[in-house]
Every structure is written in structure tokens, then in C-alpha cells.
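Subject: Structure handover

Hello,

Here is the structure I promised to pass on to you. Have a look at it first, and then read my notes below.

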Amino acid sequence: MTTRFGAAVLRSPDSPFTVEEVILGAGPADDEILVRIAGSGMCRTDLAVRRSAGRSPLPAVLGHEGAGVVVETGGPRTGLGVGDHVVLSFDSCGHCRSCLNAAPAYCDSFASLNLFGGRAENAARFTDAAGGELAPRWFGQSSFAEYAVVPARNAVRVDSALPVELLGPLGCGFLTGAGAVLHSFGAGPGDTVAVLGAGAVGLAAVMAATASGAVTVAVDRHPERLALAERFGAIPLHASSADLPGSIRRLTDGGARYALDTTASAQLINDALRALRPTGHLGLVARLHTALPLEPGTLDRGRRISHICEGDAVPGLLIPRLIGLWQAGRFPFDELIRTYPLADINEAERDCESGRVVKPVLLP
């Protein structure tokens, strides 16, 4: 089977996306599904490909926050049927120690499966209209497209009555922020959480912390983002505030038990550590590109720091939980979304990079 459909292709780090015809040379294997994409969130991880200095092969179809409707399955092994509505998340092997221990974000094959390595048996079946090779599927999806062939393990079935075109960001960005609070920290009533950076991941963390009953402080340098954080239940604090660690400690009655940094700023990371109470935990979700200098005393008194990948989540468990919170009015992620036709992907990228929009969602 050969399938032709439209997709947004990035051909070089400096070029705009071009919406063009691509070709899928084979249908889904026995553990895969073919999904008609209803919407795909744009994540900064997609845009980071432009700054990867040749480490990510191009041309490629990006997109890893897809959601849509199953139009074909590889067989009963998928556990899904034609017409099912699904949210797509990251790929994982399912059989390494981490996967078997319910930690798929730490899959031994995470990098190879998600960051353009892909599954070796499928590497050559995705081309442009002229037959030119495209990089293997991005995060098992490449969902900036009208269709995507996805390992069934990536897909989470959802109620068909929901607006599936808006649900894709639950598979990565919102999952990461909320999962950090609900899973990595296990925050609950009476806890205190500081969130540094009020973008998509940070605001999802704020919503989750509020839903969990924690007292939350949000730090950012953009007043409009702080206003959003306040609307979602956080105490807003400008990043340039004098004695930022002291301000956070005062607002959290002696120090935050948990802090989440989404900025990768060395200064804010040190500030967050100083703002923690004894035995407090700082989680990092952004990739660091330089050495991280820690100031003396920041890790004293039992404080610790760790990297958190994909919110430590099992997508099949956390995504339905977040949908339930949203339906109860306690996780209003849809208020962060602005939709764009897939043809307007370059406008969506500009708005995302400038901070005008928290979460663009592309509609093929």
C-alpha cells in the first residue's frame, strides 16, 4: 500500500517549513496504527532541531503532540480499532528494564526511537513526492501531517465525544509539567511548589499543583505569563525580583518543598535551590547545553536536584487523569491553545518563539 498525503517538511535548519506531498510506502505493521491527524501541538523540542548543529538529520517531518482518529490497524495486537480516537505520545521499546518498571520515559532506546533513529525496519518507507529520503519518524509520530503511522504503544484511546484536535499536547508538553508535579514530586495538600518559567510546561505544572492542593509560586519575566499563572492559582513573582530565593521562601512559609525549573537558566536553577526548604527537591525538565555551576551551599541540608523526563509518566495512565481533571474544571489546558491551519505552520512557529502564544496546535 502506498499512501500520499500533505505534511510540513523542514529541509534545513534555516529554511521555513514547506507543506508538501509525502509518501508512505507501506501500511501499518502488526503493532502499528495509521492515524488521521486532527491536531498536533507545536513543542519547543520540535523547534530545537533548528539549533541541533547537524545532530538531527534533515529533511524531516516533525511533530510529536499528535491526536486523531485510527483509520487502519496492523491487526489485533494493537488493541485498537478503526474509528478509535487517540492521543499520541513518545515511543518506547516496552521490554527493557525501565519500560518493565513503568518508566517508559527512561527506555534504554529512548534516543534512538524518538530522536530520528526510529525503528530500523521502518527507516526507508517515508519519502517526499520525488522519492527523496526523509528522516525516520520523529518521536514515533511525525505528526505535522495529515496522517501518521504510529506504534500502538504510543497511542492512548480517549472518549470520542472529546475535542480530539485539542488533546495532542497532553502527550508531551502538558504531560511533562503536570507529571513532574503529580508523579515526580507527588505534591499534595499542604505542599509548596515553585515553578520557574511559565511557558506550556510550567503552566501545566501550575495547574497540576493547584489541582493537587499545593501552594504554588510561579516565576517568569513576562507579565502576561504571570497573569496566566495567577489565573490558574499561583502566586506570581517576577524573575527580576530582588532576592528571588528569599521572596520564594517568604511566600512558601520557609521554603518550597518542590521546585520545577523549565528555563535551563543557571542563575534561576541556583535561585531555586536556595529557595528550597531542607530536604527539598528541584526538578529540571529543560535540556542543559553548558556546564551547570552550582553555588556553594545550594545542595546543603538534604536538598537534591534531578532531571525529569516526560513527567516520569506512563502516558496511558496520566493522559486520562489529566482529561478527567480538565472535565472537572481543574486543569484548563485548552485556555493555553491557539489553533492554526497546517499551512500556517511558519506563523505558528514565529508566535511560539516570540512568546505570543503558549501552545500552538496545528490542524491539518
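A residue counts as buried when its relative accessible area is under 20%. A135 has 5% relative accessibility, so A135 falls in the buried class. Please keep in mind that this is a predicted model. A135 sits in the loop that links β7 and β8, the latter covering residues 147–151. Its C-alpha lies 26 Å from that of F174, and the two residues are 39 positions apart in the sequence.

Now for the chain as a whole. The protein chain holds ten helices and 17 strands. How does its radius of gyration compare with that of a compact globule? A compact globule of 364 residues would come out near 21 Å, and the protein chain has 20 Å, so the two agree. Along the principal axes, the C-alpha trace spans about 65 × 40 × 35 Å. Of the 364 residues, 57% are buried. Among contacts with a separation of 6 or more, 65% are between residues 24 or more positions apart. The exposed surface of the protein chain is about 14,400 Å², and carbon and sulfur atoms supply 51% of that area. As for charge, there are 32 positive and 37 negative side chains, with the centres of the two sets 5 Å apart.

Next, a sheet to look at. Four strands make an open antiparallel sheet in the order β4-β1-β2-β7. Its edge strands are β4 (60–61) and β7 (126–128), each of which pairs on one side only. Three bridges connect β2 (residues 18–24) with β7 in the antiparallel sense. On that pairing, L24 is opposite F126 of β7.

The part I would turn to after that is helix α8. Why describe α8 (residues 266–275) as largely enclosed by the rest of the structure? Seven of its ten residues are buried, so the description fits. The buried residues in α8 are L268, I269, N270, D271, A272, L273 and A275. They pack against five elements that you can pick out in the viewer:

- the strand β10 (192–196)
- the helix α7 (244–251)
- the strands β13 (256–261), β14 (276–284) and β15 (304–307)

Two of these neighbours deserve a few words of their own.

Strand β10 is mostly covered, with five of its five residues buried. In a regular strand, side chains alternate between the two faces of the sheet. For β10, T192, A194 and L196 are on one side and V193 and V195 on the other, and both faces are covered. β10 also runs parallel to β11 (residues 215–220), to which five bridges join it. Within that pairing, V217 of β11 is the bridge partner of A194.

Helix α7 contains S247. Is S247 buried or exposed? Its relative accessible area is 11%, so S247 is buried. Leaving aside residues up to four places away in sequence, S247 touches L237 and A242.

That is what I have so far. Happy browsing, and do write back with any questions.

Best wishes

Definitions and conventions
Residues numbered from 1 in each chain as written. Predicted model: local features only at pLDDT ≥ 70, side-chain atom pairs only at ≥ 80, totals over all residues. Heavy atoms only, no water. Helix = DSSP H or I, 4+ residues; strand = E, 2+ residues; numbered from the N terminus. Rg over C-alpha atoms; globule rule 2.2 N^0.38 Å. Buried < 20%, exposed > 50% of the residue type's maximum accessible area, 1.4 Å probe, protein only. Contact = heavy atoms within 4.5 Å. Areas by Shrake-Rupley, 256 points an atom, 1.4 Å probe, with all protein chains shown as cover. Lys, Arg positive; Asp, Glu negative; His and termini not counted. Charge placed at Lys NZ, Arg CZ, Asp CG, Glu CD. Pairing = 2+ DSSP bridges.
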